[in-house]
Amino acid sequence: MKKITMTIIAVVCILMLSVGSAFAGNRVAHSNAITEDAARNFAFIDAGVKEKDAVVTKTDFDFEHGKYVYEIEFIANNVEYEYDVNATNGKIIKKQTEAVMTPETAKKDGKKA
């Protein structure tokens, strides 16, 4: 019975240390990364969109495919943009666009937005 209890305590301690280490690593990476504003600007420049014309819907700091990235989503000129920007150097890793229906474009097309 003592062995089972000690094993459970050891496993719980290891799990707690793992979670704590991952959180600390993420904090260090975030503190060494470019800023959210800089990451958004890299995306705006790549998209050819002025910041004042964009509505940012998402900016997240994440770890994907071995790299820290900012996931940025915004809408401008009836287009939804999704970007992954390298959090270390600002390089565009991934980008995707999709046309979006607005009330104005829906009226022109005779559809509902």
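# Salt bridges, strands and a nonpolar core

Let's start with one pair of neighbours: Asp53 and Lys52 form a salt bridge, with their closest N and O atoms 3.5 Å apart. That is one piece of a bigger story, since a search of the whole structure turns up seven salt bridges. Keep in mind as you look around that this is a predicted model. The protein has three helices and four strands, and along the sequence they come in the order α-α-β-β-β-β-α.

**How far to trust the picture**

- The average pLDDT for the protein is 79, and 61% of the residues score at least 70.
- Residues 15-25 are a spot to treat with care: pLDDT stays under 50 there, and the model gives this stretch one contact beyond four places in sequence.
- Where pLDDT is low, you shouldn't read the predicted coordinates in detail.

**The protein as a whole**

- There are 113 residues in the protein, and 26% of them are buried.
- The accessible surface adds up to about 8200 Å², and carbon and sulfur atoms account for 59% of that.
- Take the contacts between residues at least 6 apart in sequence: 32% of these join residues at least 24 apart.

**Salt bridges, pair by pair**

- Side chains of opposite charge can pair when their charged atoms come close.
- Back to the opening pair: is Lys52 buried or exposed? Lys52 is exposed, at 69% relative accessible area, while its partner Asp53 is partly exposed at 35%.
- Glu36 and Arg40 also meet through their side chains in a salt bridge, at 3.7 Å from N to O.
- Both Glu36 and Arg40 belong to helix H2, which covers residues 36-47, and they sit four residues apart, or about one turn of the helix.
- Glu36 is partly exposed, with a relative accessible area of 33%.
- Arg40 comes in at 15% relative accessibility, so Arg40 counts as buried, the cut-off being under 20%.

**Asp60 and its surroundings**

- Asp60 is found in strand S1, which spans residues 55-64.
- The side chain of Asp60 meets that of Lys58 in a salt bridge, 3.9 Å from N to O.
- Which residues belong to the network built from salt bridges that share partners? Lys58, Asp60, Glu71 and Glu73 are joined into one network this way.
- Lys58 is partly exposed, with a relative accessible area of 26%, and Asp60 is partly exposed too, at 34%.
- Setting aside neighbours within four places in sequence, Asp60 is in contact with Val69, Tyr70 and Glu71.
- For Asp60 and Tyr70, the C-alpha atoms are 5.4 Å apart in space, though the two residues are ten apart in sequence.

**Strands side by side**

- S2 and S3 run antiparallel and are joined by eight bridges.
- Glu71 stands opposite Asp84, a residue of S3.
- A hairpin links S2 and S3, with two residues between them, and Asn77 in the turn has a positive phi of about 55°.
- S3 also pairs with strand S4 (residues 92-99): these two run antiparallel and share seven bridges.
- The bridge partner of Glu82 in S4 is Gln96.
- The hairpin of S3 and S4 has five residues between the strands, and here Gly90 takes a positive phi near 85°.
- Here's a handy rule for looking at strands: in a regular one, the side chains alternate between the two faces of the sheet.

**The nonpolar core**

- The largest nonpolar core has 17 residues, and the ones touching the most other members are Val49, Tyr70, Ile72, Phe74, Tyr81, Tyr83 and Val85.
- Which elements each supply at least two residues of this core? They are H2, strand S2 (67-76) and strand S3 (79-86).
- Phe74 is a good residue to click on: leaving out residues up to four places away in sequence, Phe74 touches Ala43, Phe44, Ala47, Val49, Ala54, Val55, Val56, Thr57, Val79, Glu80, Tyr81 and Tyr83.
- Tyr70 ties two topics together, as one of the core residues that touch the most other members and also a contact of Asp60.

Definitions and conventions. Residues are numbered from 1 along each chain as its sequence is written. This is a predicted model: local features need pLDDT of at least 70, side-chain atom pairs count only at pLDDT 80 or more; totals for chains, interfaces and linings use all residues. Side-chain values use heavy atoms; hydrogens and water are left out. A salt bridge is a side-chain nitrogen of Lys or Arg within 4 Å of a carboxyl oxygen of Asp or Glu. Buried means under 20% relative accessible area, exposed over 50%, partly exposed in between (1.4 Å probe, protein chains only). A nonpolar core is a set of buried Ala, Val, Leu, Ile, Met, Phe, Trp, Tyr and Cys residues joined through side-chain atoms within 4.5 Å. Contact means heavy atoms within 4.5 Å. Accessible areas come from the Shrake-Rupley method with a 1.4 Å probe; for residues, only the protein chains shown count as cover. Two strands pair if DSSP finds at least two bridges between them. pLDDT is the predictor's confidence in each residue, from 0 to 100.
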